[in-house]
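Work through the exercises below with the model open. Try each task before you read its solution.

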Amino acid sequence: MKAVLFKSKERFAAFEEKLRIYGIELAVLDFEDHRWLDFKYDDIDFIIYYPSFKFSSNHPLALQEVYDNLTFLHDAYPNIIMFPDINGIKYYNDKYRQYLYLHHHGYPTPRTIPLLSEKSIDFAEKQLGYPMVVKNRYGAGGGSVFRIDSREALIKYYKISKLDLFNPGSLLYFAGMLSERLFYWELIKARKARYPFLSAPLLAQEFIHHDRDLKTVVGYNKVVEAHWRFKADAAMWKVNIDGGGIGVWGHVPQEALDLSTRLASDLKISWLNLDIIKGNGQFLITEFSPVWHHYAYREKESFVYKDDYNIEMPLEISLDLERIIVESMIRAAKERKNSTGV
């Protein structure tokens, strides 16, 4: 069996080691090296590329290698199995495209108003009230997500997304950014300054009071891992483990599991990560992605592992991200060969 592993900033070494352990004939390529353009992919069974955000996650071109290069490879070699799944790439890190899909197909989500025009501001105020949440179109890890408590703040972020920058609100926004030490650290030391603008359309969303949210990972129509993220204190309103949230591996209601697998099935996507919140008496999808990250089993002392955890796959396996992806690629490639007789 043959595979291509593209170099990436994260998890590359772990994927390479796992592929060699499983005896895969491996070609290592790099999207920054022109050789990938002339490589012969005809006898390749699967491709793995664990992408990192180029620049910052809120940059419109943060995933250009995924959007451009993997889409091209799929079009040129449609029989090659890929991670991330080609069916999910167009939604990756694009909250507006996700909203359009979820809204059109009637999935439960927090009430959401895309800020398509100035008229949308009045509509969002009327439908959602304050506080509300405003999300940039692009962004990950809770970045570029704002709690909005006034019309003035709502207008400010809307104008920035429309590149209407010569107004007091926009000027204060940029002045605040320039005053942050982190901005200069990213710019000078890390060479990864975050994109200073916002991208239209922003999404205004109802503010749901909660003390936790839920992340689920679906692999080939089964939830293989799920965990709760609890607030560390009452002041937190965005629940993120890197931001201080507490990860809890405990019982997950069947409603949330069914919602997760239904979305993956409807998208026809092999691997899917969902963020889910409980509100208005039901589970609501806030966003989804064909690529995810989590910590390894027992990696942090603050993580909680409860006896009522009800996912079939043991955490020792499901939290070995490279293992479950590589094994799924091998199985899918074998099934394809058996079905085609090639």
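Two strands pair if DSSP finds at least two bridges between them. Helices (H or I, at least four residues) and strands (E, at least two) are DSSP runs, numbered from the N terminus. The model is predicted: local features need pLDDT of at least 70, side-chain atom pairs count only at pLDDT 80 or more, and totals for chains, interfaces and linings use all residues. Residues are numbered from 1 along each chain as its sequence is written, and side-chain values use heavy atoms, with hydrogens and water left out.

**Exercise 1. Trace the pairing of strand 11.**
Find the bridges that join strand 11 to strand 10 and to strand 14.

Solution.
- Step 1. Strand 10 (residues 222-230) and strand 11 (residues 246-249) run antiparallel, joined by 3 bridges. Phe230 has Ile246 as its bridge partner.
- Step 2. Turn to strand 14 (residues 304-305). Strand 11 pairs with strand 14 in the parallel sense, over 2 bridges. Here Val248 is matched with Val304.

**Exercise 2. Describe the whole chain.**
How many helices and strands does the protein chain have?

Solution.
- Step 1. Count the elements: 12 helices and 14 strands.
- Step 2. Check the radius of gyration (taken over C-alpha atoms) against the globule rule, 2.2 Å times the number of residues to the power 0.38. The chain gives 21 Å, close to the 20 Å from the rule for 342 residues, so it is as compact as a globular protein of that length.
- Step 3. Add the extents. The C-alpha trace spans about 60 × 50 × 40 Å along its principal axes.

**Exercise 3. Lay out the parallel sheet.**
Give the strand order of the open sheet with parallel pairing. Then place the helices.

Solution.
- Step 1. The order of the 4 strands is 2-1-3-4.
- Step 2. Strand 2 (25-29) and strand 4 (81-83) are at the edges; each has a single partner strand, so one side of each lacks a neighbour in the sheet.
- Step 3. Strand 1 (residues 2-6) pairs with strand 2 in the parallel sense over 5 bridges. Val4 stands opposite Ala27 of strand 2.
- Step 4. Angles run from 0 to 180 degrees between N-to-C directions; axes are lines fitted to C-alpha atoms, for helices over the stretch in contact. Contact means heavy atoms within 4.5 Å.
- Step 5. Helix 1 (residues 12-21) lies across strand 1, strand 2 and strand 3 (46-48), at about 160 degrees to strand 2. Helix 12 (residues 321-340) lies across strand 3 and strand 4, at about 165 degrees to strand 4.

**Exercise 4. Lay out the antiparallel sheet.**
Which strands are at the edges of the sheet with order 5-8-6-7?

Solution.
- Step 1. This open sheet has 4 strands and antiparallel pairing. Its edge strands are strand 5 (112-114) and strand 7 (145-148), each pairing on one side only.
- Step 2. Neighbouring strands are turned by 25 degrees against each other on average, direction ignored.
- Step 3. Strand 6 (residues 132-135) is joined to strand 7 by 4 antiparallel bridges. Lys135 stands opposite Val145.
- Step 4. Helix 7 (residues 151-161) packs on the sheet and touches strand 6 and strand 7; its direction makes about 150 degrees with that of strand 7.
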